[in-house]
Amino acid sequence: MMLLLPLLYAQLATAQHSSLRGTVVSAESGEPLGFTIVSLRPNGGRQFTDSAGAFAFTATAAGSYVLSVRQIGYTPLDTEIVVGSDSTTTVRVALRHLAIELPPVTITGRLCTNPGPPDSTDRALRAVFDQLQENARRYELLADSYPFHYALELSIREVDQRGDTGRPVVRRLQFSSDNNHPYAVGRVVEPGWGPWGSADSVLVIRSADLQDLGNASFIANHCFRLAGRDTIGAETLVRIDFEPATRIGSADMAGAAYLDSVTYELRYTETSLTRPERSALSNVRSMRFRTRFRNIARGVPLQDSLIAITTYRYGRRTKIDTQRTVEVRFRRQPPPP
């Protein structure tokens with residue numbers, strides 16, 4: 001044993017001296033692409049590049065890996081890398097701007113009988129869907145690398161048939177990037193949890209957020225269709241529609257996500273509650289949400305505001321809920337600018 005220990009130590013020390021370092025730049029301009037997601041498979045982990053586009057995987061064992069590089073608005077890249085023993089391997093990755101041929105706005109009435117991620121037969125749909133997923137991946141990595149707290153200011157008011165409104169009820173709730181309550185079929189309307197309060201006092205109704213749009217179960221139970229270019233206000237955006245599978249008998253979500261037509265960052269979602277009568281909201285006729293997003297880090301959106309309009313079956317006043325994100329605080333250092 002005394003003879004084997006120094007040999008084992010030497011082998012570990014050699015492995016620890018191997019590393020992979022690199023930079024990610026724009027192929028068109030040569031400018032560094034900070035806050036790019038770089039992953040090393042297998043078992044290398046993933047990270048954001050720094051503001052200079054640099055990344056480093058240290059203490060990497062010698063061998064072959066797949067380096068995956070993802071930046072929103074750019075064509076993704078996967079390439080095989082060989083890391084030498086007791087050495088530093090250096091790479092320079094150039095990503096090209098994404099170019100997608102978008103159709104004009106199209107509305108289709110097809111039933112969602114084959115849910116799941118779109119295949120490669122519709123290249124434009126697949127490319128936009130991948131950018132939607134990239135928004136979700138960036139949020140997930142930001143929450144893991146730079147955890148944060150945020151506050152929502154909630155306001156509720158009711159409108160009668162003459163347009164009169166009562167005095168709004170306002171409250172503030174505190175949330176954390178750790179508050180992840182995953183989507184599940186049959187759980188779009190459910191008793192309160194976490195910051196939303198106790199199950200006995202409140203119902204939570206989901207609208208599509210980034211954690212839903214990147215959730216594997218949500219994707220497996222929804223169809224996605226590219227509607228093309230559309231506008232909200234004076235802003236021209238790329239719209240991708242989603243709807244629940246016809247096999248889902250409970251209340252669920254249908255709607256659209258709107259991406260910036262240049263950067264492909266998420267700007268809005270519009271959501272409607274399907275089959276509300278098959279939930280605890282038996283008196284609800286309709287619920288429609290519009291959520292606006294803003295970036296809290298480079299290319300990483302968070303809900304900025306939400307408005308929800310609820311109509312009822314039996315003469316009750318229309319209810320208008322609004323939410324505003326009023327504070328974002330990173331627990332440790334903030335992400336690079």
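Helices (H or I, at least four residues) and strands (E, at least two) are DSSP runs, and they are numbered from the N terminus. The names of helices and strands in the legends below follow this usage, and the model shown in every view is a predicted one.

**View 1. The whole protein, shown as an overview of its helices and strands.** The secondary structure of the predicted model comes to four helices and 18 strands, and the C-alpha atoms of the protein fill a box of roughly 85 × 50 × 40 Å when this is taken along the principal axes. The protein has 337 residues, of which 46% count as buried. Among the contacts with a separation of 6 or more, 57% are made by residues that are 24 or more positions apart.

**View 2. An open sheet of nine strands with antiparallel pairing.** Read from one edge to the other, the order of the strands is β9-β8-β18-β17-β16-β15-β14-β13-β12. The two strands at the edges are β9 and β12, and each of them has a single partner strand, so one side of each is left without a neighbour in the sheet. From one strand to the next, the twist averages 20°. Strands of a sheet pair through backbone hydrogen bonds, and this pairing is either parallel or antiparallel; in a regular strand, the side chains alternate between the two faces of the sheet.

**View 3. The pairing of β8 with the edge strand β9.** These two strands, β8 (148-159) and β9 (169-176), run antiparallel and are joined by eight bridges. Within this pairing, L154 stands opposite R171, a residue of β9.

**View 4. The neighbouring strands β15, β16 and β17 within the sheet.** β15 and β16 pair in the antiparallel sense over five bridges, and here S272 has R288 of β16 as its bridge partner. β16 pairs with β17 as well, again in the antiparallel sense, over twelve bridges, and N295 has P301 of β17 as its bridge partner. β16 and β17 form a hairpin with two residues between the strands, and in this hairpin G299 takes a positive phi near 70°.

**View 5. The loop between β15 and β16, with R275.** The loop that holds R275 lies between β15 and β16. Phi of R275 is near 50°, which is a positive value in a residue other than glycine. R275 is partly exposed, with a relative accessible area of 32%.

**View 6. Backbone details at F35 and P42, in the loops on either side of β2.** F35 is found in the loop between β1 (19-26) and β2, and its phi is near 60°, a positive value in a residue other than glycine. Is F35 buried or exposed? The relative accessible area of F35 is 2%, and F35 counts as buried because this value is under 20%. P42 lies in the loop between β2 (37-41) and β3 (45-48), and the peptide bond that leads from R41 to P42 is cis, with omega near 5°.

**View 7. The largest pocket, with a volume of about 990 Å³.** Of the 44 residues that line the largest pocket, those closest to its centre are W196, V204, I205, R206 and Q323. Several elements each supply at least two residues of this lining, including β8 (148-159), β11 (203-205), α3 (210-213), β16 (284-297) and β18 (318-330). Which strand gives the most to the lining of the largest pocket? It is β17 that gives the most, with seven residues. Divided by class, the lining of the largest pocket has 23 nonpolar, 14 polar and seven charged residues.

**View 8. The second largest pocket, with about 740 Å³ of space.** The second largest pocket is lined by 35 residues, and the closest to its centre are R110, C223, F224, R225 and D241. At least two residues of this lining come from each of α2 (123-145), β12 (222-232), β13 (235-244), β14 (252-260) and β15 (266-274). The largest share, five residues, comes from β12, a strand that stands at an edge of the nine-stranded sheet. By class, the lining of the second largest pocket has 17 nonpolar, nine polar and nine charged residues.

Technical notes
Residues are numbered from 1 along each chain as its sequence is written. This is a predicted model: local features need pLDDT of at least 70, side-chain atom pairs count only at pLDDT 80 or more; totals for chains, interfaces and linings use all residues. Side-chain values use heavy atoms; hydrogens and water are left out. On a 1 Å grid over the protein atoms alone, a cavity is a set of points where a 1.4 Å probe fits but cannot get out, and a pocket is an open set with protein on both sides within 12 Å along at least five of seven lines; lining residues have an atom within 4 Å of a point. Grid points are joined across faces, edges and corners, and a volume is the space filled by probe spheres set on the points. Ala, Val, Leu, Ile, Met, Phe, Trp, Tyr, Cys and Pro count as nonpolar, Asp, Glu, Lys and Arg as charged, and the others, Gly among them, as polar. Two strands pair if DSSP finds at least two bridges between them. Buried means under 20% relative accessible area, exposed over 50%, partly exposed in between (1.4 Å probe, protein chains only). Axes are lines fitted to C-alpha atoms, for helices over the stretch in contact, and angles run from 0 to 180 degrees between N-to-C directions. Contact means heavy atoms within 4.5 Å.
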